[in-house]
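Please open the structure in a viewer and keep the sequence panel visible. The tour proceeds by selections, each followed by an account of what is found there.

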Amino acid sequence: MTAAGCRRDTHIVEELLPQNSSHQGGWYCFNRENCDTRYDTMRRLMSSREWPATRVGTGILSSQPEENPHWWNANMVFIPYCSSDVWSGASSKSEKNEYAFMGALIIQEVIKELVEKGLGTAKVLLLAGSSAGGTGVLLNVDRVAEQLEEMGYPGIQVRGLADSGWFLDNKQYRRTDCIDTITCAPTEAIRRGIRYWNGIVPERCKLQFKEGEEWNCFFGYKIYPTLRCPVFVVQWLFDEAQLTVDNVHLTGQPVQEGQWLYIQNLGRELRNTLKDVTASFAPACLSHEIITRNHWTDIQVKGTSLPRALHCWDRSLHESNKNGKAPLKGCPIHLIDSCPWPHCNPSCPTIRDQFTGQEMNVIQFLMHMGFDVQKMAQQQGLEPSKLLGMLSSGN
């Protein structure tokens, strides 16, 4: 999680996953069996014992102005992920349960410690996170604001930045039994996990659903309308982690037509869930996580980069607190790509062929996925050459 600002009166607290080349990121475990496997194979996600003593901040955590143009001078705190509970757990180790799941309590304790180290003088606290950390932001941002108020710091403006944590509880492309974290549908995994972790969800969201249905609050479009704190949502329209849990595995083989239609529909569904989100940045790319990547300044939606959009959001909140002004002109904060295919945005991160390692442009990538230019052009009422031109330019 992160707090942002270009002055030292702003704190960025980042509740994140350790960097991982696999887009499987931090995920979670939801029963003894897959938690045992996780402990054996990904110990760093369940214990701090092997964490490095230092780490270099990148992206929004960088102290270099060229990499982090607006918040390089903020106070930054990084909280690695070891609770395996999407930052929701409140369960200590017991005879019945071999593992402790204390994600929600970890955040509370970090806030307490930071108040003693100077957080009490901050004007803004930005709680940020990626993947499971992004969902964790949605689950914890209001609770952090309430905690600071109870501690006697009602003047600190608490905000959220959720990156790649806005998942859909959609129907999987191919249904599979709930065996592990990858094959299990997100709704079923969270339903099981919330019981196993003794997971906590915000009261205002909880009241929207029947008892036993609290799992709904782990899905961004359901919890967002209940939040009091302002939250900026960053989400790839074709998120790799979402596709994985939906059982769409892009292994380098051309995708089948059914998969291709499913992928396009995913982008449409995700776009629809973001239409009422005041501050959002949603590029039409196939990727996962962005805010701590050093190339985060390169991605643009409608000509605006993510750092610029976040700066506009920061300014708009500052202005509205001051005098109730409408969003600033020429400073957009609701940025969602409208083009319908993965990587139809020319600023998307580079794609590499999984087997050769060579970079692919958008046309090569779509052909690689089995994209039928002739057929798609016919459906759009265009000449194939015109469609290819539009794809190349990202229109």
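**First stop: strand 3**

Select residues 124-130, which form strand 3; seven of its seven residues are buried, so the strand is largely enclosed by the rest of the structure. Please bear in mind throughout that this is a predicted model. Colour the two faces of strand 3 separately: Val 124, Leu 126, Ala 128 and Ser 130 lie on one side, Leu 125, Leu 127 and Gly 129 lie on the other, and both sides are covered.

Now add strand 4, residues 157-163. Strand 3 and strand 4 run parallel and are paired through seven bridges. To find one point of register, select Leu 125, which has Val 158 of strand 4 opposite to it.

**The whole protein**

Zoom out before going further. The protein contains 12 helices and 13 strands. Of its 395 residues, 55% are buried. Among contacts with a separation of 6 or more, 73% are between residues 24 or more positions apart.

**Beyond the end of strand 4**

Return to strand 4 and move into the loop between strand 4 and helix 4, where Ser 164 is found. Ser 164 is not a glycine, yet its phi is positive, at about 55°. Is Ser 164 buried or exposed? Its relative accessible area is 0%, so Ser 164 is buried.

Continue along the loop between strand 4 (157-163) and helix 4 (186-197) to Lys 171. Lys 171 has a relative accessible area of 73%, which means that this residue is exposed. Which residues does Lys 171 contact, its neighbours within four places in sequence left aside? They are Asp 246 and Tyr 262. Display the C-alpha atoms of Lys 171 and Asp 246: these residues are 75 apart in sequence, while the distance in space is 7.3 Å.

The next selection is Glu 188, in helix 4. With a relative accessible area of 24%, Glu 188 is partly exposed. Add Trp 215, which is 27 residues from Glu 188 in sequence and 8.8 Å from it in space, C-alpha to C-alpha.

**Strand 5 and Val 234**

Select Val 234, in strand 5. Val 234 is buried, its relative accessible area being 2%. Leaving aside neighbours within four places in sequence, the contacts of Val 234 include Leu 161, Ala 162, Asp 163 and Ser 164, the last of which was visited above. Phe 281, Ile 290 and Leu 306 are also among the contacts of Val 234. Between Val 234 and Leu 161 there are 7.5 Å from C-alpha to C-alpha, although the two are 73 residues apart in sequence.

**Strand 7 and its two partners**

Select strand 7, residues 279-282. Ala 279 and Phe 281 are on one side of strand 7, Ser 280 and Ala 282 are on the other, and all of them are buried.

Show strand 5 (residues 231-234) together with strand 7: the two run parallel and are joined by three bridges. Within this pair, Phe 232 is opposite Ala 279. Then show strand 11, residues 334-336, which is parallel to strand 7 and joined to it by three bridges. Which residue of strand 11 is the bridge partner of Ser 280? It is His 334.

**Helix 2 against helix 3**

On the way to helix 2, pause at Val 86 in the loop between strand 2 (75-79) and helix 2. Val 86 has a positive phi near 55°, in a residue other than glycine. Its relative accessibility is 3%, so Val 86 counts as buried.

Two packed helices are described by the angle between their axes and the distance between the axes. Select helix 2 (residues 103-116) and helix 3 (residues 132-150): their axes come within 11 Å and cross at roughly 40°. Helix 2 is therefore oblique to helix 3. The crossing of the two helices is right-handed.

To display the contact, choose Ala 104, Ile 107, Gln 108, Ile 111, Lys 112 and Val 115 in helix 2, which meet Asn 140, Arg 143, Val 144, Gln 147 and Leu 148 in helix 3. Coloured by type, the residues of this contact comprise six nonpolar, three polar and two charged.

Definitions and conventions:
Residues are numbered from 1 along each chain as its sequence is written. This is a predicted model: local features need pLDDT of at least 70, side-chain atom pairs count only at pLDDT 80 or more; totals for chains, interfaces and linings use all residues. Side-chain values use heavy atoms; hydrogens and water are left out. Axes are lines fitted to C-alpha atoms, for helices over the stretch in contact, and angles run from 0 to 180 degrees between N-to-C directions. Helices (H or I, at least four residues) and strands (E, at least two) are DSSP runs, numbered from the N terminus. Angles under 35 degrees count as roughly parallel, over 145 as roughly antiparallel, 65 to 115 as roughly perpendicular and the rest as oblique. A crossing is left-handed if the near helix is turned anticlockwise from the far one by less than a right angle, and right-handed if clockwise. Contact means heavy atoms within 4.5 Å. Ala, Val, Leu, Ile, Met, Phe, Trp, Tyr, Cys and Pro count as nonpolar, Asp, Glu, Lys and Arg as charged, and the others, Gly among them, as polar. Buried means under 20% relative accessible area, exposed over 50%, partly exposed in between (1.4 Å probe, protein chains only). Two strands pair if DSSP finds at least two bridges between them.
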